[in-house]
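Colleague: Could you walk me through one part of this model in detail? I'd like a close look at the aromatic side chains, and then how the charged pairs and the surface fit around them.

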Amino acid sequence: MTDLVVSFLKELKQNNNREWFHANKGWYDEAKLEVEKLVNTVIPGIAGFDSSVKFITAKECLFRIFRDIRFSKEKSPYKTNFGSWITSSGRKSFGPGYYIHVQPGESFLAAGVYMPDPATLKKIRQEIYYNIAEFKSILESKELVKFVKGIDEMDRLKRPPKDFPADFPDINILKNRHFTISYPLSDKQLTETGFPQSIVNIFQGMHPLNLFLGRAIDG
């Protein structure tokens, strides 16, 4: 991916209005196409270890750049990033998947389950509770620790979740509302020749977590 994408997003952040966007629609189309090419290059690599994504396409994974501002105090009409959620059913899936976030200074790769509904969240917590040793071994595996430090600790509960004992040794893990792991990316990495393969390698390290979470949800 060239720096055209980063340059476009930087300018969009400074000019987040419909007039500027429509005047630069061609630039947006070029940037979007580059992101689609990246995702279409990465998908076959992921399919090498996770066949569930074998038949999905970038267009089915890429989120719209238009913001839903109906219930938001922030009325900027456009997102200042390109996000792609790679799963067997693309961006519409709420199960475990692989996420590519391209945003100047804030890019990252992620896997896992984000914002699960209450029933799904309880299933995940139960699976972790009954199989805590297995879960921790996934997070501590050498294939993963070279990329991530553990579960992302955003929006964590302050108290133990209902129906789980407060004296459980790893209760802090169960306090998570999201079960995602992430790897930050620099703007320089986005334009490196081997970037697509780097994405595949990182997602392969994250894959065991997705398997565990998928089993929790489907089991």
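Modeller: Sure, and let's get our bearings before zooming in. Reading from the N terminus, the order of elements is α-α-α-α-β-β-β-α-α-α-α-β-α-α, which makes ten helices and four strands. Keep in mind that this is a predicted model. The radius of gyration comes out at 18 Å, close to the 17 Å that the globule rule gives for 219 residues, so the protein is as compact as a globular protein of that length. Along the principal axes, the C-alpha atoms fill a box of roughly 60 × 40 × 30 Å. Of the 219 residues, 48% count as buried. Looking at contacts with a separation of 6 or more, 65% of them involve residues 24 or more positions apart.

Now to the aromatics. The structure has 20 aromatic pairs. A good one to zoom in on is Phe21 with Tyr78, a stacked pair with 4.1 Å from centre to centre and 15 degrees between the planes. It counts as stacked because the planes are under 30 degrees apart. This pair links distant parts of the chain: Phe21 sits in helix H2 (residues 18–23), while Tyr78 is in the loop between helix H4 (58–61) and strand S1 (82–86), 57 residues apart. Are these two rings buried or exposed? Both fall under the 20% cut-off for buried, with Phe21 at 2% relative accessible area and Tyr78 at 4%. The two rings also belong to one aromatic cluster, made up of Phe8, Trp20, Phe21, Trp27, Tyr28, Phe66, Tyr78 and Phe82.

Follow the chain on from there and you meet a charged pair. Lys25 makes a salt bridge with Asp29, with 3.0 Å between the closest N and O atoms. The two residues are four apart in helix H3 (residues 25–47), so about one helical turn separates them. Lys25 is partly exposed at 35% relative accessible area, and Asp29 is also partly exposed, at 35%.

That is one of eight salt bridges in the structure. For a contrast, try Glu127 and Arg215, whose side chains meet at 2.8 Å, N to O. Here the partners come from distant parts of the chain, with Glu127 in helix H5 (residues 118–130) and Arg215 in helix H10 (residues 195–218), 88 residues apart. Glu127 is buried, at 17% relative accessibility, whereas Arg215 is partly exposed at 35%. Then there is Lys188 with Glu192, a salt bridge of 3.1 Å, N to O. Lys188 is exposed at 58%, and Glu192 is partly exposed at 34%. Going back to Glu127 and Arg215, shared partners join them with Glu134 into one salt-bridge network.

Last stop, the outside. The accessible surface comes to about 12000 Å², and 52% of that belongs to carbon and sulfur atoms. One spot to look at is the nonpolar surface patch of Tyr114, Met115 and Met154, which together have about 310 Å² of accessible area. Tyr114 lies in the loop between strand S3 (107–113) and H5, and with 45% relative accessibility it counts as partly exposed. Set that beside Tyr78, which is buried at 4%, and you have a tyrosine in each setting to compare on screen.

Conventions: Residues are numbered from 1 along each chain as its sequence is written. This is a predicted model: local features need pLDDT of at least 70, side-chain atom pairs count only at pLDDT 80 or more; totals for chains, interfaces and linings use all residues. Side-chain values use heavy atoms; hydrogens and water are left out. A salt bridge is a side-chain nitrogen of Lys or Arg within 4 Å of a carboxyl oxygen of Asp or Glu. Buried means under 20% relative accessible area, exposed over 50%, partly exposed in between (1.4 Å probe, protein chains only). Patches are made of residues with over 30% relative accessible area and no salt bridge: like charges are joined within 9 Å, nonpolar side chains (Val, Leu, Ile, Met, Phe, Trp, Tyr) within 5 Å. Accessible areas come from the Shrake-Rupley method with a 1.4 Å probe; for residues, only the protein chains shown count as cover. The radius of gyration is taken over C-alpha atoms; the globule rule is 2.2 Å times the number of residues to the power 0.38. Contact means heavy atoms within 4.5 Å. Rings of Phe, Tyr and Trp (its six-membered ring) pair if their centres lie within 6.5 Å; planes under 30 degrees apart count as stacked, over 60 as edge-to-face and the rest as tilted.
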